[in-house]
Amino acid sequence: MSDIGEKLSTFRKSLGLSQREVALSVGVHQNQVSKLENGVGSSIELLLQVLNFYGTTYQVKFLLADTFDIVMGTADDPLSSPYNSIAVEKLSLLGEEVQAKLAEVKKLLTNSSS
């Protein structure tokens with residue numbers, strides 16, 4: 001969670017927002033946003049609320065990756081939902097891992113049939 005919090009902090013700062021501004025926008029205390037960004041004592045619910053807040057104005061693609069871009073969202077963009085963005089991001093990040101596991105399985109199957 002600390003890795004996600006660090007990325008959220010970087011994202012917030014790159015938008016020029018304070019923790020207080022984000023907290024007011026999602027209806028929580030600034031302390032809760034601080035805990036989320038520090039990776040301690042937070043919840044998935046708050047994470048989704050914060051992502052939803054960002055997702056209403058910005059396209060939050062690849063926020064959890066090593067690098068990310070901030071793009072203004074559009075109403076006709078099917079990925080403007082933070083839940084869809086999270087799913088696409090996770091699938092992208094897991095793609096390489098899945099390919100590596102498939103290669104391992106293929107190698108095991110090839111070796112066992114020899």
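**Exercises on aromatic pairs and the nonpolar core**

At 22% relative accessibility, phenylalanine 53 counts as partly exposed. The model examined here is predicted.

**Exercise 1.** Determine which aromatic pairs occur in the structure, and classify their geometry.

*Solution.* A search of the whole structure yields two aromatic pairs. In one of them, phenylalanine 11 and tyrosine 54 have ring centres 4.7 Å apart and planes at 75°. Planes over 60 degrees apart count as edge-to-face, and the pair of phenylalanine 11 and tyrosine 54 is accordingly edge-to-face. Phenylalanine 11 belongs to helix H1 (residues 2-14) and tyrosine 54 to helix H4 (residues 44-55), so this pair ties together parts that are 43 residues apart in sequence. Phenylalanine 53 also pairs with tyrosine 54, at 5.3 Å centre to centre; with 50° between the planes, this pair is tilted. Ring pairs thus link Phe11, Phe53 and Tyr54 into a cluster.

**Exercise 2.** Decide whether phenylalanine 11 and tyrosine 54 are buried or exposed.

*Solution.* The cut-off for a buried residue is under 20% relative accessible area. Phenylalanine 11 has a value of 1% and is buried. Tyrosine 54, at 1% relative accessibility, likewise counts as buried.

**Exercise 3.** Identify the helices that supply the largest nonpolar core, and describe the contacts of valine 50.

*Solution.* The largest nonpolar core has 14 residues, and Val50 and Tyr54 are among those with the most contacts inside it. H1, helix H2 (19-26), helix H3 (30-38) and H4 each supply at least two residues of this core. H4 gives the most, with five residues. Neighbours within four places in sequence aside, valine 50 is in contact with Leu8, Val22, Val26 and Leu36.

Note on methods
Residues are numbered from 1 along each chain as its sequence is written. This is a predicted model: local features need pLDDT of at least 70, side-chain atom pairs count only at pLDDT 80 or more; totals for chains, interfaces and linings use all residues. Side-chain values use heavy atoms; hydrogens and water are left out. Rings of Phe, Tyr and Trp (its six-membered ring) pair if their centres lie within 6.5 Å; planes under 30 degrees apart count as stacked, over 60 as edge-to-face and the rest as tilted. Helices (H or I, at least four residues) and strands (E, at least two) are DSSP runs, numbered from the N terminus. Buried means under 20% relative accessible area, exposed over 50%, partly exposed in between (1.4 Å probe, protein chains only). A nonpolar core is a set of buried Ala, Val, Leu, Ile, Met, Phe, Trp, Tyr and Cys residues joined through side-chain atoms within 4.5 Å. Contact means heavy atoms within 4.5 Å.
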